[in-house]
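Reader: Please take me through one part of this model in close detail. Start with the local strand pairing, then work outward to the rest of the fold.

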Amino acid sequence: MADKPVVPAKLPNKTEGKDSVAEGVEERGLTKENLGEQNRSRTQRRKDLTSALERIHQAANRDRKMRFTALYHHVYNVEHLQTTFEELNPRAAAGIDGETWEHYRQDLRGNLEDLSARLKRGAYRPKPVKRAYRDKPDGKQRPLGVTALEDKLVQRSMANVLNALYEADFRGFSYGFRPGRSAHDAMDALHMGLMTKKVNWVLDADIRGYFDAISHEWLEKFLEHRIADKRVLRLIRKWLKAGVLEGGSLEVSEAGSPQGASISPILANVYLHYVFDLWADKWRKTKAVGDIMVVRFVDDYTVGFQYRAEAMKFLEELRERLAKFELELHPDKTRLIEFGRFAIQNRRRKGEGKPETFEFLGFKHICSTSRKGNFIVRRQTIAKRLNQKLKEVKAILRRRMHDPVPKVGAWLRAVIRGYFNYHAVPFNIRALTKFHKQLARYWRQILGRRSQKGYVTWERMNRLVDRWFPPPRILILPPWERRGCFYPR
């Protein structure tokens, strides 16, 4: 552990006189385990909060084996809670208590001070998570958890503290739900790895029902590697045991972390950090002979190999590794495919047709060549995802049939911009154009239903499209031109 900071000695009260011999107080160091509380003003400001979390990160970075005993006071700090509250989505659905962001804000300071006091004396009790479902592109439904507002607030506060600690530990190839990293960073890292490393085989893997399969027992053991503050561990345990409310019945499980809860992403990352990241990093350094690249975004990860034999061995040992921690690979979403700069020629020579594609973060990745004949990786929006999004927007358009045209147009413009901000990657202009044109057709149908003529001419429709719809165009730079991109290390 680094040397303890020293508090300056107290100056004598009488130092004006030339011959003053007033005696100063002896210097003393701070308590060893309370690094997070040093040099803090009595009323903690946002600047103090940032520096406090930064000190946690620096301490964790200096000593990778340090166990933190004093973290809980950062969670219930009123200024921290207020900063966190401002980051919450005001339009998010209410939990089982019906509390909304607007109502809670009416007496924000009083509510936060009461919440802080309950956290401090141990009287805070998390509420069960309300179960909701979201349609998936394959027709199934993804279970989501709608958390009560105060639970969401405290969980986000806790997540900030845990992020400050674990950012010093997480590996460079982990991208999901980490500060300063995005899905585009993960895809850029994957793209650069495929283009620059000797990758001939790709393992596209997915863990079956990952968030529902997380073992509480193993998770607590992993957290104890770095956290010795029993109040923090006790609070996390309360959230895991709070249960899910569905159809009037309460379900409490011994495994899983509710999807949609603010604390779930960091806990999911911690779990896979110990289960997968550390193991994979060691495997490629000690057992691999050829090039290996790894990119992980929460439970969705892709591993590239130079040799097929190593890929098969890695996959076999990975299954054993996951089974040890009560996880398993999804049989339909885990494949080893030939993919890389030589895949097209190799498969053509063997008469096997075009190389297989794989999906990662909403995009299909395709082996292709440029106009000059050079190897490139093309990314295209997954057709099922595109059709699902169009279906969702069409359903909302029907409900808003009688809204004023400018209001609907402004909403559609926001929808298209949001879609383009993620999907407008190089080589994906066809999907953007389809999304743009299909929304124009849907809007024309809706306007025709409320028109006395029963239809709207394309001449008028094109004027509305030009007025409200952003044109389809590539907005995101290629991976090799994007600044601040994280590549696999």
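Author: Strands S11 and S12 form a hairpin. Between them lie 2 residues. One residue in that turn, Leu-361, has a positive phi of about 55 degrees. This is a predicted model, and the angle is computed from it.

S11 covers residues 358–360. S12 covers residues 363–369. The two strands pair in the antiparallel sense, over 3 bridges. Take Phe-358 as a reference point: its bridge partner in S12 is His-365.

Now follow S12 to its other neighbour. Strand S13 spans residues 375–381. S12 and S13 also pair in the antiparallel sense, here over 7 bridges. Two pairs help to fix the register. Ser-368 stands opposite Ile-376 in S13. Cys-367 stands opposite Val-377 in S13.

S12 and S13 make a hairpin too, with 5 residues between the strands. In this hairpin Gly-373 takes a positive phi, near 90 degrees.

Put the pieces together. The result is an open sheet of 3 strands, in the order S11-S12-S13, with antiparallel pairing. S11 and S13 are the edge strands, and each pairs on one side only. On average, neighbouring strands of this sheet are turned by 40 degrees against each other, direction ignored.

How many of the 7 residues of S12 are buried? The count is 5, and the strand is mostly covered.

For a second hairpin region, turn to strand S9, residues 300–305. Here 6 of 6 residues are buried. Asp-300, Thr-302 and Gly-304 point one way from S9. Tyr-301, Val-303 and Phe-305 point the other way. Both sets are buried.

S9 has partners in S5 and S8. Strand S5, residues 201–206, runs antiparallel to S9 and is joined to it by 6 bridges. In that pairing, Leu-203 has Val-303 of S9 as its bridge partner. Strand S8, residues 292–297, is likewise antiparallel to S9, with 6 bridges. There, Val-295 has Thr-302 of S9 as its bridge partner.

S8 and S9 form a hairpin with 2 residues between them. Val-298 sits in the turn and has a positive phi of about 55 degrees.

Next, the helices. Helix H9 covers residues 216–224, and helix H11 covers residues 264–286. Their axes come within 10 Å and cross at roughly 80 degrees. H9 and H11 are therefore roughly perpendicular to each other.

Which residues of H9 and H11 meet? From H9 come Trp-218, Leu-219, Phe-222 and Leu-223. From H11 come Leu-267, Val-270, Tyr-271, Tyr-274 and Val-275. By class, the residues of this contact are 9 nonpolar, no polar and no charged.

Look closer at Tyr-271, which lies in H11. Is Tyr-271 buried or exposed? Tyr-271 is buried, because its relative accessible area is 0% and the cut-off for buried is under 20%. Leaving aside residues up to four places away in sequence, Tyr-271 touches Tyr-210, Ile-214, Ser-215, Trp-218, Leu-219, Phe-222, Phe-325 and Leu-327. Trp-218, Leu-219 and Phe-222 are among the H9 residues that meet H11. Tyr-271 and Glu-220 are 51 residues apart along the chain. Their C-alpha atoms are separated by 9.3 Å.

A further helix pair lies later in the chain. Helix H16 spans residues 429–450, and helix H17 spans residues 458–468. They pack at an angle of about 125 degrees, with their axes 11 Å apart. That makes H16 oblique to H17. Their crossing is right-handed.

H16 brings His-436, Ala-440, Arg-441, Trp-443, Arg-444 and Leu-447 to this contact. H17 brings Trp-458, Met-461, Leu-464, Val-465 and Trp-468. The residues of the contact divide into 8 nonpolar, 1 polar and 2 charged.

Finally, the whole protein. It has 17 helices and 13 strands. Of its 489 residues, 49% are buried. Take the contacts with a separation of 6 or more: residues 24 or more positions apart account for 72% of them.

Conventions:
Residues are numbered from 1 along each chain as its sequence is written. This is a predicted model: local features need pLDDT of at least 70, side-chain atom pairs count only at pLDDT 80 or more; totals for chains, interfaces and linings use all residues. Side-chain values use heavy atoms; hydrogens and water are left out. Axes are lines fitted to C-alpha atoms, for helices over the stretch in contact, and angles run from 0 to 180 degrees between N-to-C directions. Helices (H or I, at least four residues) and strands (E, at least two) are DSSP runs, numbered from the N terminus. Angles under 35 degrees count as roughly parallel, over 145 as roughly antiparallel, 65 to 115 as roughly perpendicular and the rest as oblique. Contact means heavy atoms within 4.5 Å. Ala, Val, Leu, Ile, Met, Phe, Trp, Tyr, Cys and Pro count as nonpolar, Asp, Glu, Lys and Arg as charged, and the others, Gly among them, as polar. A crossing is left-handed if the near helix is turned anticlockwise from the far one by less than a right angle, and right-handed if clockwise. Buried means under 20% relative accessible area, exposed over 50%, partly exposed in between (1.4 Å probe, protein chains only). Two strands pair if DSSP finds at least two bridges between them.
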